[in-house]
Amino acid sequence: MFQTIKQGFYELVKKLGYNVSDNGAYRNQFPWLMIRTAGASSVKALDVRIDSYSLALDIFSTYNGEQEILNIVERINGELPNMMTQFPQIQFVELSTFKILNDKETGPVRKHGVAVFRFTLSGNY
């Protein structure tokens with residue numbers, strides 16, 4: 001199920017028009033977003049299963065400042081309810097961590113965003 005959720009998240013981001021990949025291959029088209037696994041956990045008690053999947057989204061921007069990264073995260077976060085209707089097993093989606101870091105190669109002006117989205121699923125799937 002984790003691969004299915006990751007693929008669904010990838011398709012959501014792609015549908016929004018962003019240049020996104022799930023591998024570390026450098027892209028010249030910016031903003032460039034990379035999805036990676038940030039963690040997973042699973043628990044089962046009696047006949048109930050609860051899984052938690054975390055996907056990190058690295059956002060590489062050439063904009064001098066934070067606004068582009070903030071807009072991207074807000075736009076994706078606003079579309080996540082649509083993903084929940086596509087996957088009825090998803091009970092909760094949260095933006096669990098969000099940081100904007102200075103790009104060390106260009107100094108404090110260019111930014112690199114890291115947003116971690118946590119998907120909580122339950123049911124018998």
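These exercises work through the fold and the charged pairs of a predicted model.

**Exercise 1. Fold layout**

Task: State how many helices and strands the chain has, and in which pattern they follow along the sequence.

Solution:
- Count the elements: there are 2 helices and 5 strands.
- Read them in sequence order: the pattern is α-β-β-β-α-β-β.

**Exercise 2. Burial, surface and contacts**

Task: Find what share of the chain is buried, what supplies its exposed area, and what share of contacts comes from residues 24 or more positions apart.

Solution:
- Take burial: of the 125 residues, 37% are buried.
- Take the surface: about 7,200 Å² is exposed, and carbon and sulfur atoms supply 49% of that area.
- Take contacts with a separation of 6 or more: residues 24 or more positions apart account for 59% of them.

**Exercise 3. The hairpin of strands 2 and 3**

Task: Describe how strand 2 and strand 3 run and how many bridges join them.

Solution:
- Locate the strands: strand 2 spans residues 32-45 and strand 3 spans residues 48-64.
- Give the direction and count: they run antiparallel, with 13 bridges between them.
- Check the turn: 2 residues lie between the strands, and Leu46 takes a positive phi near 55°.
- Pick one partner pair: Arg36 is bridged to Ala56 in strand 3.

**Exercise 4. Salt bridges**

Task: Give the number of salt bridges. Then work out for each pair which side chains are buried or partly exposed.

Solution:
- The cut-off is a side-chain nitrogen of Lys or Arg within 4 Å of a carboxyl oxygen of Asp or Glu. The count comes to 3 salt bridges.
- Pair one is Arg36 with Asp58, with the closest N and O atoms 2.5 Å apart. Arg36 sits in strand 2 and Asp58 in strand 3, 22 residues apart, so the pair links distant parts of the chain.
- Apply the burial limit, under 20% relative accessible area. Asp58 has 4%, so Asp58 is buried. Arg36 has 35%, so Arg36 is partly exposed.
- Pair two is Asp51 with Arg49, at 3.0 Å from N to O. Asp51 is buried because its relative accessible area is 0%. Arg49 has 29%, so Arg49 is partly exposed.
- Pair three is Arg118 with Glu94, at 3.2 Å from N to O. This pair also links distant parts of the chain: Arg118 is in strand 5 (residues 107-123), Glu94 is in strand 4 (residues 90-103), and 24 residues separate them.
- Arg118 is partly exposed at 31% relative accessibility. Glu94 is partly exposed at 37%.
- As background, side chains of opposite charge can pair when their charged atoms come close.

Note on methods
Residues numbered from 1 in each chain as written. Predicted model: local features only at pLDDT ≥ 70, side-chain atom pairs only at ≥ 80, totals over all residues. Heavy atoms only, no water. Helix = DSSP H or I, 4+ residues; strand = E, 2+ residues; numbered from the N terminus. Buried < 20%, exposed > 50% of the residue type's maximum accessible area, 1.4 Å probe, protein only. Contact = heavy atoms within 4.5 Å. Areas by Shrake-Rupley, 256 points an atom, 1.4 Å probe, with all protein chains shown as cover. Pairing = 2+ DSSP bridges.
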